[in-house]
Amino acid sequence: MSVLKILQYPDKRLRLIAKPINIITQEIQKLADNMLETMHVKEGIGLAATQVNIPLQIIVVSKNNIKQENLILINPEIIDQKGNISIEEGCLSIPEYRAFIPRSDYIKVKAINLFGKKIEIEAKSILSICIQHEIDHLKGKLFIDYLSSLKQERIEKKIKKTNKKNKIF
């Protein structure tokens, strides 16, 4: 397994809309393993393929923040949602920035697992939030898109200033 490079905001590739996966190949299985490794090394609880510059519909999520308990969802789609919840979210593609984002407390998701089997899962609380966050990535949406345009501008200015200071272009 290897650690993949995570795209950093404002990289425009984070806005790409992921394509569905039709066949589970060895490459897809290897990608999932590498995404899990990357997520754990970077101390995240979720990662979408678009964040590692692969515009395919696959997300990995750590259940209960335990390394051995992971979800790998291919072509995930929310089919039911209820309730409201909001916690301070962060993102591996926008490090050092966090914000309270409104989400559904309960979701039901249909997806395909790594064996090509159709599955449905139910998630509540933090797991629900994480899956919604990662599915947003597959649609080219970032958590900061839920913020006011003023807050988005502030974050972008701070990032550009930091990148200029660190000579990252």
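# Helices, cysteines and salt bridges

Just after helix α1, Glu43 takes a positive phi of about 60 degrees, and a similar note can be made after helix α2, where Gly140 takes a positive phi of about 75 degrees. The structure described here is a predicted model, in which local features need pLDDT of at least 70 and side-chain atom pairs count only at pLDDT 80 or more, while totals for chains, interfaces and linings use all residues. Residues are numbered from 1 along each chain as its sequence is written, and side-chain values use heavy atoms, with hydrogens and water left out.

## The two helices

Helices (H or I, at least four residues) and strands (E, at least two) are taken as DSSP runs and numbered from the N terminus. Helix α1 covers residues 26-41, and because each residue should add 1.5 Å, its 16 residues should span 22 Å, which agrees with the 22 Å between its end C-alpha atoms; the expected span is 1.5 Å times one less than the number of residues. Helix α2, with 14 residues, reaches 21 Å from its first C-alpha to its last, close to the 20 Å expected at 1.5 Å a residue.

The surroundings of the helices can be described through burial, where buried means under 20% relative accessible area, exposed means over 50%, and partly exposed lies in between (1.4 Å probe, protein chains only). In α1 the buried residues are Ile28, Leu31, Ala32, Asn34, Met35, Leu36, Thr38, Met39 and His40, and the buried residues of this helix pack against β1 (46-48), β2 (58-62) and β3 (70-82). One of them, Asn34, has a relative accessibility of 7%, and, leaving aside its neighbours within four places in sequence, Asn34 is in contact (heavy atoms within 4.5 Å) with Met1, Ser2 and Leu4.

For α2, 12 of the 14 residues are buried, so this helix is largely enclosed by the rest of the structure. Among these buried residues are Cys130, Glu134 and Asp136, and each of the three returns in the sections below.

## Glu134

Which residue does UniProt list for "active site"? The unreviewed UniProt entry gives Glu134; UniProt positions follow the numbering used here, feature names are shortened, and annotations may be inferred rather than shown by experiment. Glu134 is found in helix α2 (residues 125-138) and counts as buried at 4% relative accessibility. Leaving aside its neighbours within four places in sequence, Glu134 is in contact with Gly46, Leu47, Ala48, Gln51, Ile59 and Val61. For Ala48, the backbone nitrogen lies 3.1 Å from a polar atom of the side chain of Glu134.

## The cysteines

A disulfide is a covalent bond between the sulfur atoms of two cysteines, and here a pair of cysteine sulfur atoms must be within 2.5 Å to be called one. The structure holds zero disulfides. Cys91 is in no disulfide, and the nearest cysteine sulfur, that of Cys130, is 10 Å away. Why is the sulfur of Cys130 in no bond with the closest cysteine sulfur, in Cys91? The two sulfurs are 10 Å apart, which is too far for a bond. Cys91 is buried, with a relative accessible area of 10%, and Cys130 also counts as buried, at 6%.

## Salt bridges

A salt bridge is a side-chain nitrogen of Lys or Arg within 4 Å of a carboxyl oxygen of Asp or Glu, and by this rule the count comes to eight. One of them joins Asp80 to Lys82, with the closest N and O atoms 3.7 Å apart.

Another is formed by Glu89 with Arg103, where the closest N and O atoms are 2.8 Å apart. Because Glu89 lies in strand β4 (residues 85-89) and Arg103 in strand β5 (residues 99-103), this pair ties together parts that are 14 residues apart in sequence. Glu89 and Arg103 are also linked with Asp136 in a network of salt bridges.

The side chains of Glu120 and Lys108 meet in a further salt bridge, at 3.7 Å from N to O. Glu120 lies in strand β7 (residues 118-124) and Lys108 in strand β6 (residues 106-112), so the pair ties together parts that are 12 residues apart in sequence.

The table sets out the burial of residues from these pairs.

| Residue | Relative accessible area | Class |
|---|---|---|
| Asp80 | 28% | partly exposed |
| Glu89 | 4% | buried |
| Arg103 | 6% | buried |
| Glu120 | 51% | exposed |
| Lys108 | 25% | partly exposed |

Notes. A polar contact is a pair of N or O atoms within 3.5 Å; within protein, one must be able to donate a hydrogen and the other to accept it, and residues adjacent in sequence count only if both atoms are side-chain atoms.
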